[in-house]
Amino acid sequence: MSLLENHVVLITGAGSGLGLGIARYCKAQGAVVIVTDISSEKIQQLASEFSDHDLALICDVTKIADLEYCQQQILQKYGRLDAVIGAQGIFDGNVAIKNMSAAHLDQLFDELFQVNVKGYLLTAYIFAEVLKANKGAMVFTTSTAAYAADGGGAVYTATKGAIRSLIQQLAFEFAPEIRVNGVAPAAIGNSQLKGPKALNLDHQKQSDIPKDAFLNLFQSISLLQELPDAEDYGALYAFLASKQNKVMTGQTIVADQGLLNRAVLTH
Ligand SMILES: NC(=O)c1ccc[n+]([C@@H]2O[C@H](COP(=O)([O-])OP(=O)(O)OC[C@H]3O[C@@H](n4cnc5c(N)ncnc54)[C@H](O)[C@@H]3O)[C@@H](O)[C@H]2O)c1
């Protein structure tokens, strides 16, 4: 039997990058998947890939009405939900706060915390009841930025630390019915991660700038030399979302290719 057979799994921020890779993996593992994203363009492009048994819906996770609509569609079509995987996010451009005005910092904070923290909290709130009915799971995305400096700027880092803590608190509040865990990736090769409007970086892909320099640096300091694609994280998320996980809640798996497992004495 496949890991996610008979599982109905919702993925937020599934329009590209990590969420899309996870959605494809979960589907291959037998799940019915509901892919959602704020971008109508991305959802349109995915509509044919996730048709038939699956669903592709536009959903801004910062909007209660969008989340409620999504829940209504899911209950109408499937009458149940087994897991919510959160994968949305935006980056802060890795700009040091000394290099921005106070007004920009103020806007940047609100923009990133809306998507990267409030989006997860509202999603958890809206879907808790339906997951509870089915002894379900939540799996949220943080980052190695929650564990060490220089994984982004101050605001992105603060949002990822907040998600890490949120996972612990939600696991406590939703026990024993819902298991809540997280994954902290270091890098995702095929990401489309965008920057913030506050710094006029919302049309710019952030995660691989400058691509060659980043790849070289990453390979020189991580233990597992390869830069993983989104799909490579699929198995971790699928396990945590599945009923097979009877042993973990309130934890975050650091999936960092060994990046944090070294000091710097040896070349
Ligand atoms: N790219 C990396 O190297 C990296 C490393 C560690 C962690 N992460 C985290 O992984 C997650 C996925 O990022 P990615 O790199 O795959 O980027 P991505 O941009 O490819 O995917 C993120 C998706 O979230 C969507 N989104 C943004 N705001 C939303 C909202 N309000 N409601 C619903 N969807 C929204 C975007 O449209 C996009 O499709 C993020 O949380 C990111 O912080 C990324």
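This briefing covers the nonpolar cores and the ligand site. The model is predicted. Its largest nonpolar core has 31 residues. The ligand has 30 residues around it, and the protein buries 94% of the area that the ligand exposes when taken alone.

**Largest nonpolar core**
- Five members touch the most other members: Ile34, Leu81, Phe127, Met138 and Phe140.
- At least two residues of this core come from each of strand 1 (8-12), strand 3 (55-58), helix 3 (64-77), helix 4 (102-132), strand 5 (137-141) and helix 5 (154-174).
- Helix 4 gives the most, with 8 residues.
- In soluble globular proteins, nonpolar side chains tend to be buried together.

**Phe127 and the other core**
- Leaving aside neighbours within four places in sequence, Phe127 is in contact with Leu10, Leu67, Cys70, Gln71, Ile74, Leu81 and Val84.
- Another core, of 26 residues, lies apart from the largest one. Among its members are Leu46, Ala137, Val183 and Ala241.

**Ligand site**
- Ser16, Leu18, Asp37, Tyr156 and Ser191 come nearest to the ligand.
- A polar side-chain atom of Ser191 lies 2.7 Å from a ligand oxygen.
- Lys42 has a side-chain N or O atom 2.9 Å from an oxygen of the ligand.
- For Lys160, a side-chain N or O atom is also 2.9 Å from a ligand oxygen.
- Taken alone, the ligand exposes 810 Å².
- Helix 1 (17-28), helix 4 and helix 5 are the elements that give two or more residues to the shell.
- The shell has 13 nonpolar, 13 polar and 4 charged residues.

Key:
Residues are numbered from 1 along each chain as its sequence is written. This is a predicted model: local features need pLDDT of at least 70, side-chain atom pairs count only at pLDDT 80 or more; totals for chains, interfaces and linings use all residues. Side-chain values use heavy atoms; hydrogens and water are left out. A nonpolar core is a set of buried Ala, Val, Leu, Ile, Met, Phe, Trp, Tyr and Cys residues joined through side-chain atoms within 4.5 Å. Buried means under 20% relative accessible area, exposed over 50%, partly exposed in between (1.4 Å probe, protein chains only). Helices (H or I, at least four residues) and strands (E, at least two) are DSSP runs, numbered from the N terminus. Contact means heavy atoms within 4.5 Å. A residue is near a molecule or strand if one of its heavy atoms lies within 4 Å of it. A polar contact is a pair of N or O atoms within 3.5 Å; within protein, one must be able to donate a hydrogen and the other to accept it, and residues adjacent in sequence count only if both atoms are side-chain atoms. Accessible areas come from the Shrake-Rupley method with a 1.4 Å probe; for residues, only the protein chains shown count as cover. Ala, Val, Leu, Ile, Met, Phe, Trp, Tyr, Cys and Pro count as nonpolar, Asp, Glu, Lys and Arg as charged, and the others, Gly among them, as polar.
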